[in-house]
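Student: Please take a close look at a single part of this model and describe how it is built. I should then like the account to continue outward, one connection at a time, into its surroundings.

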Amino acid sequence: MSDMNTLDGIHTSGSLEEKAEIYQSGKGNVSGFPSPTLIPLRAPLPTPNAQKIRTTLCKGNRSNTKGEDSISSPVPNPIPELIASTLTPLLYECLLPSTKSSASQKRVIKVYNEDNTSRAVEVPSDITARDICQLFVLKNHCIDDHSWTLFEHISNLGIERTIEDHESVMEVLSGWGMDSDCRLYFRKNYAKYEFFRKPLDFFPDHMVSISSETNGMVDHSQLIQTFLNSSTCPEIHGHLHAKEQSRKSWKKFYFVLRRSGLYFSNKGTSKEPRHLQFIADFSDSDVYTVLSAKKRHGAPTDYGFCVKSTKGSSGRDLKLLCADDEQTRTCWITAMRLLKYGMELYQNFIQPHQKQKASPMRSISENSLVAMDFSGQKSRVIENPSEAMSVAVEEGLSWRRKSCHRLSGHGSPSTSHSSLLNMALHLGQPWFHGKLSREEAQRIITQQGLIDGMFLLRDSQSNPKTFVLSLCHMQKIKHFQIIPVDDDGELFYSLDDDQTRFTDLIQLVEFYQLNRGVLPCKLKHHCARIAL
């Protein structure tokens, strides 16, 4: 650590008032450093031959280019209108066939999934991470719940980070070295903006202090606003393990994160300028999660992270740090993201919701939906609410029976066979991950966001006849065994020692999505895995 630069000149390079003035004038971000290149979301570009594009896509014949009059379509197609009203021009351009003039401005990139399947796509050179996520959501027919994320994964260094929605993907690719093994990954990250909703879960009181100008007091609901808008930014502090330069050993220091950068104290917990050693600022650095910190770097725990220069591509450029628990690591990484990007993160968070309000995909009131009976020769509206409810239940049971037969093939509908069919129902569910180890389940949940209610179901490795529910609560992953119960040849499933029984795993999951029961929280987000 003795090789690191000292604190000389850090506080004299610009006052907080000057930085606030820069931010308010729009010339910089909240950290006082020059803002990275930002490609704003724009309104859809009007196309003079939009009608021709719509009819061509509706017919599904790309070779027909004779114009509007030569094509007749009795049924209007709403998909192009929906695309034009909800997608950015860059994404709209990706969905159209390439022309010779546009091909020269495009580049081919390869994006990977969790199971290492990949897909190459041709995109404009100024495309953002959010546009690429929307593109893959459309191509893979996923539900866009704003949690799909693009990750930068550097295998040879064992690190990865979330690429922020507004970042230029080509700028990220340009920082990769020729000898580095780097990939773009497309997967869910439910915790990406969770700190805007629940700041107290991300910033514990003992790690946050406010400047003396506010007498150290701040309303917890205003903590994020203080991070974004105030020149008196909250200070993050606490002990971290740091890997000493050119050595394999780790040493514990007291660290302080301020708007001017990251420091550590060479004298206990002293915050005096003469005792603080400067490590890095975030004008030209990014924060990464370190994968397998104990195994790869000999860290005291597996809660490693690092600060890496955007220009450096070797392991020597990493400032390796390690926290004692997941909450501490999450607090440091979140604070560094906020200091680097500031208001841009908040814009990324609210933008999709503003789009939905401005141009909703559907405007159908639930009151306009009615129950219908199609069992007779003529359809009829079901007026009686209790009859409508019983029909809905019967429809659900019928769907389950059909699913059983589809998954099981053929056979006699005996009681034992029916139990076997119920066992097969869960195989096609997105929350069921099959034969997955405990460690792999924890890795997947951690990757997709350690927020309350993240879950998946898997086969038990210790007992092949049982299943396991892996659930995240308070940034910790807990595992609950689901035991099959045989009652006179009929099979049930229970999570609470046969106190509550379910005919199949789908019913069990649906129950705990609505009721907490014996679990620490309700099931909210399932870990999704798709094949590109």
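Tutor: In this predicted model, tyrosine 288 stands opposite cysteine 306 in strand 12. This pair is a convenient place to begin, and the description can proceed from the strands on either side of it. Strand 11 (residues 285–290) and strand 12 (residues 303–309) run antiparallel and are joined by five bridges. Further along the two strands, aspartate 286 has lysine 308 of strand 12 as its bridge partner.

Both strands are mostly covered. In strand 11, five of the six residues are buried; in strand 12, five of the seven are. Lysine 308 also leads on to another strand, for its bridge partner in strand 13 is leucine 318. Strand 13 (residues 318–323) pairs with strand 12 in the antiparallel sense, over six bridges. Strand 11 has a further connection as well: two bridges join it to strand 4 (residues 159–163), and these two strands run antiparallel. Within that pairing, isoleucine 159 has valine 290 of strand 11 as its bridge partner.

A helix residue now enters the picture. Arginine 329 is found in helix 12, and its contacts reach the strands just described. Leaving aside neighbours within four places in sequence, arginine 329 is in contact with Thr289 and Val290, with Asp302, Tyr303, Gly304 and Phe305, and with Ala323. One of these neighbours, glycine 304, offers its backbone oxygen at 3.0 Å from a polar atom of the arginine 329 side chain. Is arginine 329 buried or exposed? Its relative accessibility is 6%, and arginine 329 therefore counts as buried, the cut-off being under 20%.

Glutamine 327 also lies in helix 12, which spans residues 326–341. Its relative accessible area is 32%, so glutamine 327 is classed as partly exposed. Not counting residues up to four places away in sequence, glutamine 327 touches Asp201, Pro204 and Gln475. The contact with glutamine 475 joins positions 148 residues apart in sequence, yet their C-alpha atoms are 6.7 Å apart in space.

Helix 12 further takes part in the nonpolar interior. The largest nonpolar core has 40 residues, of which Phe203, Ile236, Phe255 and Trp332 touch the most other members. Helix 12 gives the most to this core, with eight residues. A second core, separate from the one just described, has 24 residues and includes Phe136, Ile163, Val172 and Leu184. As for phenylalanine 203, its contacts beyond four places in sequence are Val208, Leu223, Ile224, Phe227, Ile236, Cys331, Thr334, Ala335 and Leu338.

The link from glutamine 327 to glutamine 475 invites a look at another sheet. There, an open sheet of five strands follows the order 19-18-17-16-20, with mixed pairing. Its edges are strand 19 (490–494) and strand 20 (525–526), each of which pairs on one side only. Within the sheet, strand 16 (residues 454–459) and strand 17 pair in the antiparallel sense over five bridges, and leucine 457 stands opposite leucine 469 of strand 17.

Histidine 473 has its place in strand 17, which covers residues 467–473. Its relative accessibility is 18%, and histidine 473 therefore counts as buried. Apart from residues up to four places away in sequence, histidine 473 touches Asp452, Lys478, Pro520 and Cys521.

Helix 17 provides a last local example. Its buried residues, within the span 505–514, are Leu505, Ile506, Leu508, Val509 and Tyr512. Seen down the helix axis, these buried residues fall within an arc of 160°, so they line one face of helix 17. An α-helix has 3.6 residues a turn, and residues three or four places apart therefore point the same way. At the N-terminal end, helix 17 is capped by aspartate 504, with a side-chain oxygen 3.1 Å from the backbone nitrogen of isoleucine 506.

These parts can now be set within the whole. The protein chain contains 17 helices and 20 strands, and buried residues make up 47% of its 532 residues. Of the contacts between residues at least 6 apart in sequence, 57% join residues at least 24 apart. The chain exposes about 28,400 Å², of which carbon and sulfur atoms supply 51%.

Note on methods. Residues are numbered from 1 along each chain as its sequence is written. This is a predicted model: local features need pLDDT of at least 70, side-chain atom pairs count only at pLDDT 80 or more; totals for chains, interfaces and linings use all residues. Side-chain values use heavy atoms; hydrogens and water are left out. Helices (H or I, at least four residues) and strands (E, at least two) are DSSP runs, numbered from the N terminus. Buried means under 20% relative accessible area, exposed over 50%, partly exposed in between (1.4 Å probe, protein chains only). Contact means heavy atoms within 4.5 Å. A nonpolar core is a set of buried Ala, Val, Leu, Ile, Met, Phe, Trp, Tyr and Cys residues joined through side-chain atoms within 4.5 Å. The arc is that of the directions from the helix axis to the C-beta atoms. A polar contact is a pair of N or O atoms within 3.5 Å; within protein, one must be able to donate a hydrogen and the other to accept it, and residues adjacent in sequence count only if both atoms are side-chain atoms. Accessible areas come from the Shrake-Rupley method with a 1.4 Å probe; for residues, only the protein chains shown count as cover. Two strands pair if DSSP finds at least two bridges between them.
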